[in-house]
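Trainee: I am new to this structure and would like a close look at a single part of it. Could you take me through the sheet and what packs against it, step by step?

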Amino acid sequence: SRIISLKPNITEILFALGEGLHVVGVTTYCARPPEVKKLPKIADYIQAFPEAILRLQPDLILGSQENSSQKEVNFLIARGLEIKLFSFSTIPETIQSIEALGDLLGQRELARHLTGQMRNELLKLRHEAEKFPKKKALFVVGYQPLVVAGGDNFFDEACEYLGLTNVAHSSRLKYPYYTTEQLIRAAPEIVLDFAMGSEGSEAYKKSRKDFWQQFPSIPAVKSKAIYQLDIEKMRAVPSLPEFLWEMFRMVHP
């Protein structure tokens, strides 16, 4: 099979399932494992590039139900290409989709092994988290304006495994803008900074540090509990529990 992946997490899952040699096209955001950087780029995070896909003559195209542009999907289906979309909006859906991909690709046993490990590690995490009083946390995903993780998303769901309470949980939006007033009123004890940007830029790092110094009354600022994290690791993949453990040890030293 010649497989095209329309999502970075799907690319990572394919390699975890031993199907890496069949992957012939990936997105501009695919970076793991490192060898995918050499593969043809046939999509960004939302839109597929139909002409580039057609040139590769794939047997199977894999995408997500949450973020795949339907226009391009319909265009490719109309030209006889097989497209399968999977859901990764929650951790249980991620586990189910990994198993479904294993079934589809003839890797049922390996997929069940991976998801079994995920379930075991998540269960251990939840038990460990229950030993600690919950801390109020703010998940930041953008600045200028400040954008945070609200309810009903991956970050919010992870709180039960981290012993945290998401201060923006009650928002009806998955990623709402947060005002200065809301930030001060929320008074987070921990800030988990996933904001994308030039991590290698000292100026960028300084601008984020300066941002938080405006709010000396916030508990997370007082205790210097502001952690910069790689959003690429907070992904719907088999290795997610490893990253959650890393975060857990960070917030409960």
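**The sheet and its helix**

Mentor: Strand S4, which covers residues 60–64, is joined to S5 by four bridges, and the two strands run parallel. To place one of these partners by name, look at Leu62, whose bridge partner in S5 is Lys84. Please keep in mind throughout that this is a predicted model.

With that pair located, the view can widen to the sheet as a whole. Five strands make up an open sheet with parallel pairing, and their order across the sheet is S3-S2-S1-S4-S5. At the edges are strand S3, at residues 41–43, and strand S5, at residues 83–86, each of which pairs on one side only. From one strand to the next, the twist averages 30°. As general background, the strands of a sheet pair through backbone hydrogen bonds, in either a parallel or an antiparallel manner.

Next comes the helix that lies against this part of the sheet. Helix H4, formed by residues 91–104, packs on the sheet and touches both S4 and S5, and the direction of helix H4 makes about 155° with that of S5.

Two residues of this helix deserve a separate look, beginning with Ser97, which lies in helix H4. Is Ser97 buried or exposed? Ser97 counts as buried because its relative accessibility is 6%, which falls under the 20% cut-off. Once its neighbours within four places in sequence are left aside, Ser97 is in contact with Phe86, Ser87 and Phe88, and strand S5 covers residues 83–86, so that Phe86 belongs to that edge strand.

The second residue, Ile95, also has its place in helix H4. Ile95 is likewise buried, since its relative accessible area is 6%, again under the 20% limit. With neighbours within four places in sequence set aside, the contacts of Ile95 are with Thr115, Met118, Arg119 and Leu122. For a sense of distance, the C-alpha atom of Ile95 is separated by 28 Å from that of Lys38, a residue 57 places away along the chain.

One further feature can be added to this picture, namely the empty space inside the model. A search of the whole structure finds one cavity of 30 Å³ or more, and the largest cavity holds about 50 Å³ of space. Its lining includes Leu6, Ala43, Tyr45 and Val73, and the lining residues as a whole divide into six nonpolar, three polar and two charged.

Definitions and conventions:
Residues are numbered from 1 along each chain as its sequence is written. This is a predicted model: local features need pLDDT of at least 70, side-chain atom pairs count only at pLDDT 80 or more; totals for chains, interfaces and linings use all residues. Side-chain values use heavy atoms; hydrogens and water are left out. On a 1 Å grid over the protein atoms alone, a cavity is a set of points where a 1.4 Å probe fits but cannot get out, and a pocket is an open set with protein on both sides within 12 Å along at least five of seven lines; lining residues have an atom within 4 Å of a point. Grid points are joined across faces, edges and corners, and a volume is the space filled by probe spheres set on the points. Ala, Val, Leu, Ile, Met, Phe, Trp, Tyr, Cys and Pro count as nonpolar, Asp, Glu, Lys and Arg as charged, and the others, Gly among them, as polar. Two strands pair if DSSP finds at least two bridges between them. Axes are lines fitted to C-alpha atoms, for helices over the stretch in contact, and angles run from 0 to 180 degrees between N-to-C directions. Contact means heavy atoms within 4.5 Å. Buried means under 20% relative accessible area, exposed over 50%, partly exposed in between (1.4 Å probe, protein chains only).
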